[in-house]
Each structure stands twice: as structure tokens, then as C-alpha cells.
Amino acid sequence: MLTIDKLNFSYGDLKVLWDIDLEVNQGEIVSVVGANGAGKSTTLKNISRLVKPASGIISFNGEDLNGLESHQVVERGIVQVPEGRKIFPEMTVLENLAMGSYISGARKDREANVERVFSMFPRLKEREKQLGGTMSGGEQQMLAIGRGLMTNPKLLLLDEPSLGLSPLFVKIIFEIIQEINKLGVTILLVEQNVFQSLKIAHRAYVLETGRVVLSGTGSELLNNDHVKKAFLGM
Ligand SMILES: Nc1ncnc2c1ncn2[C@@H]1O[C@H](COP(=O)(O)OP(=O)(O)OP(=O)(O)O)[C@@H](O)[C@H]1O
Ligand SMILES: [Mg+2]
């Protein structure tokens, strides 16, 4: 579904991605794990075309994304839920969700998608008129994911969805990710919660200073000695 072939990227003189090869097949949950600054968010931004690769090919369902603007990538079905939530604080929960259905293909499904999001996140339904900025951190994360679902994603890019959440919310978020996947949405997940994200991943990649150093199934990586030492404190 998504194929990344020899992606290189620099911020000015600072090279941060080196020959990244990565693949996501339809129906999968694929996790990317790595330390702070490894290049995880930058990889997602290259896919969404929020930044443009220096070299390499990123293709989605056979189409080269090179030359597309980021809104065109969204129309193809690739939707990124950014790191740090980025909801609209002065808008209500319902208004925030509506912002996710602005692309033409998603507008007709707005009502049905709101219902789907509310059944997945009852807490958002209870708070539909509350201002986004007054929601708790975990609730804002739910709202950000819910807004992503309003866009009818085929491939959902999630950047650190569990960051800063209490253990209970972390558990809920990982359950929701699996639920979304079961509804037919393919997921590329970037996480520092290495244990949980490898546990739910069909396959995963380890990034270190901008390079893919390991890949395999989630359980292979959970049992890998390097992963255990570097990320799981074992
Ligand atoms: N806009 C920018 N301008 C310059 N350098 C940047 C910019 N954004 C990120 N970087 C640098 O690129 C490198 C990779 O950053 P990136 O955000 O992709 O890492 P990450 O793996 O997502 O880290 P984290 O786990 O902390 O979110 C880092 O060294 C970072 O300082
Ligand atoms: Mg990041």
C-alpha cells in the first residue's frame, strides 16, 4: 500500500534521514520505534508531504507522491494525526470533528463519521459542546484521533498518540488503535511506548539516527536482544 524506497531528507545542512526503506501493507499496523531525534516524525512528515524528500520515492497504491501537495495526499486517503495533538482550542468538540471532514470525499459521510467517533469515544460525545482547549490531555488526544477518522482515512499516520497520557489512557488509546485497524484502516504508528506498540504491531521498524537498523514482526522485535537492551530496559 505504502512503499518508501531510499528516502533521504535534510533540514538545511542537517541530514536526518538516510536511505529509509519502509513498507506498509493494506490492513497492517506497522510501528516505527526509536529514540528522541531518530527521525520518526520527520519520516511521517515526508509521507504527508509537509516536507519534501531530498531523494527517494514514496508511493501509495502505486502512485508516486512526489509532486503532490499535502492536501492532495489527504485526498488520496493518507491522514496524519500530528504529535502534540494540535486540536483547535477555541472550537467545541463537535466543531473540531467537523474540521476533519472538509475534504469533498468526506463531507457526505460527516454524520455517520461523527456517530462512529462518538461510539468509539463515548467521552467525546459527553463533551460535544465543550471547548477543545479545556479538555484533558488524554481527551484532546482522543479528539485528535477522532478528527483524523472524520477524513475517511485509508492509511492513518499516528505520531506518539500515547505521549504524556496516564496508564489508563495509554491502555485505552492502544485498544482504540486496534479497533480502528479492525474497521479496515491501515495504521503507521510512531511511538516511544516501545513495548505496547510492538505488542500491537503486525510488523515494525527500529530507527536509529535516521537509519533503519532493524525490522521484523512485532513479536520478533519484542524478543530481539538489541531492542530489549535499548528500549525495554531488559
Ligand atoms: N524543523 C526542523 N528544523 C531543523 N531540524 C529539525 C526540525 N525538525 C526536526 N529537526 C531535527 O531532526 C532530527 C529528527 O527529528 P524528528 O522530530 O524526526 O525526531 P523524532 O524521532 O520524531 O523524535 P521525538 O521522539 O523526540 O519526537 C532531530 O535531530 C531534530 O532536532
Ligand atoms: Mg517525533
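**Notes on ligand 1 and the two domains**

1. A good place to start is Gly-39: one of its backbone N or O atoms sits 2.9 Å from an oxygen atom of ligand 1, a polar contact (a pair of N or O atoms within 3.5 Å). Side chains join in as well, with an N or O atom of Lys-40 at 2.7 Å from a ligand 1 oxygen and one of Ser-41 at 2.8 Å from a ligand 1 oxygen. Of the 640 Å² of accessible area (Shrake-Rupley, 1.4 Å probe) that ligand 1 has on its own, the protein covers 62%.

2. Please keep in mind that this is a predicted model, where local features need pLDDT of at least 70 and side-chain atom pairs count only at pLDDT 80 or more, while totals for chains, interfaces and linings use all residues. Residues are numbered from 1 along each chain as written, ligands are numbered from 1 in the order written, and side-chain values use heavy atoms, without hydrogens and water.

3. Now the shell: 13 residues surround ligand 1 (a heavy atom within 4 Å), with Asn-36, Gly-37 and Thr-42 among the closest. Four are nonpolar, six polar, Gly being counted here, and three charged. Helix α1 (residues 40-48; a DSSP run of H or I, at least four residues) gives the most, with three residues.

4. On to the domains, assigned automatically or from a database: domain 1 spans 2-77 + 154-231 and domain 2 spans 88-152. Their C-alpha centres lie 23 Å apart, and the contact (heavy atoms within 4.5 Å) takes 15 residues from domain 1 and 17 from domain 2.

5. The two domains bury about 1,300 Å² between them (accessible area lost, 1.4 Å probe, summed over both), and carbon and sulfur atoms give 79% of that. Val-74, Phe-169 and Ile-176 supply 33% of what domain 1 buries against domain 2, more than any other three residues.

Terms used:
A polar contact is a pair of N or O atoms within 3.5 Å; within protein, one must be able to donate a hydrogen and the other to accept it, and residues adjacent in sequence count only if both atoms are side-chain atoms. Helices (H or I, at least four residues) and strands (E, at least two) are DSSP runs, numbered from the N terminus.
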